[in-house]
Amino acid sequence: MKKTILGELEELVLLVVASSTEDVYGVPVMEQLQQETGRSFTVSAVHTTLYRLEEKGFLSSSVGGATAERGGRRKRLFALTAAGGQVLLEIQQMRTRLWQAIPEDKFQLLGLSTNLF
């Protein structure tokens with residue numbers, strides 16, 4: 001079976017949605033991404049990624065209630081699916097194997113501290 005490869009933004013968005021305790025919409029996902037990465041993201045890039053992850057079956061969505069703060073418009077709320085959880089586990093396992101394959105002294109030879117790991 002072919003492995004699913006996610007782009008960096010897809011993986012980050014999927015992680016943010018997975019870490020949320022409730023279904024989330026685009027703006028809080030964007031804000032969390034910016035906070036965690038220190039990078040700037042547009043809401044349109046986040047929405048495009050959310051919809052793409054839904055098309056791949058890694059997220060599901062539903063329409064929430066209308067709110068006055070949005071001028072009566074309803075929010076599209078996203079939630080992690082079982083397939084999304086599975087792909088995140090596969091990515092984590094792959095990254096763990098790759099990190100473990102790095103020789104212990106590699107970072108020291110480069111003058112880098114491994115105290116973070």
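Helix axes are lines fitted to C-alpha atoms over the stretch in contact, and the angles between their N-to-C directions run from 0 to 180 degrees. In this predicted model, the axes of helix H2 (residues 26-37) and helix H3 (residues 43-55) come within 9 Å and cross at roughly 110 degrees. Angles of 65 to 115 degrees count as roughly perpendicular, and H2 and H3 are therefore roughly perpendicular to each other. Their crossing is right-handed.

**Overall composition**

The protein chain has five helices and two strands. Read from the N terminus, the order of elements is α-α-α-β-β-α-α. Of the 117 residues in the protein chain, 26% are buried.

**The H1 and H4 pair**

A second helix crossing involves H1 and H4, whose axes come within 11 Å and cross at roughly 120 degrees. H1 and H4 are therefore oblique to each other, since an angle over 115 degrees but not over 145 falls outside the perpendicular and antiparallel classes. The crossing of H1 and H4 is left-handed.

| Helix pair | Axes come within | Crossing angle |
|---|---|---|
| H2 and H3 | 9 Å | roughly 110 degrees |
| H1 and H4 | 11 Å | roughly 120 degrees |

**Salt bridges**

Side chains of opposite charge can pair when their charged atoms come close. Searching the whole structure gives four salt bridges. Three of them are described here one by one.

Glu8 pairs with Arg39, and the closest N and O atoms of this salt bridge are 3.0 Å apart. Glu8 belongs to helix H1 (residues 8-19) and Arg39 to the loop between H2 and H3, so the pair ties together parts that are 31 residues apart in sequence. Arg39 counts as partly exposed because its relative accessibility is 37%, between the limits of 20% and 50%.

Glu10 and Lys56 form a salt bridge through their side chains, at 2.9 Å from N to O. This pair links distant parts of the chain, with Glu10 in helix H1 and Lys56 in the loop between H3 and strand E1 (59-66), 46 residues apart. The two partners fall in separate accessibility classes: Glu10 is buried, at a relative accessible area of 6%, whereas Lys56 is partly exposed, at 38% relative accessibility.

Glu11 forms a salt bridge with Arg95, where the closest N and O atoms are 2.7 Å apart. Arg95 is in helix H4 (residues 82-100) and Glu11 in helix H1, so the pair ties together parts that are 84 residues apart in sequence. Glu11 is buried, with a relative accessible area of 11%, while Arg95 is partly exposed at 40% relative accessibility. Glu10, Arg52 and Lys56 are joined into one network by salt bridges that share partners.

**A nonpolar surface patch**

Which residues form a nonpolar patch on the surface? The patch consists of Leu109, Leu110 and Leu112, which together have about 340 Å² of accessible area. Leu110 is located in the segment after helix H5 (106-109). Leu110 counts as exposed because its relative accessible area is 58%, and the class begins over 50%.

Definitions and conventions. Residues numbered from 1 in each chain as written. Predicted model: local features only at pLDDT ≥ 70, side-chain atom pairs only at ≥ 80, totals over all residues. Heavy atoms only, no water. Patch = residues over 30% accessible without salt bridge, like charges linked within 9 Å, V, L, I, M, F, W, Y side chains within 5 Å. Areas by Shrake-Rupley, 256 points an atom, 1.4 Å probe, with all protein chains shown as cover. Helix = DSSP H or I, 4+ residues; strand = E, 2+ residues; numbered from the N terminus. Buried < 20%, exposed > 50% of the residue type's maximum accessible area, 1.4 Å probe, protein only. Parallel < 35°, antiparallel > 145°, perpendicular 65-115°, else oblique. Left-handed = near helix turned anticlockwise from the far one by under 90°.
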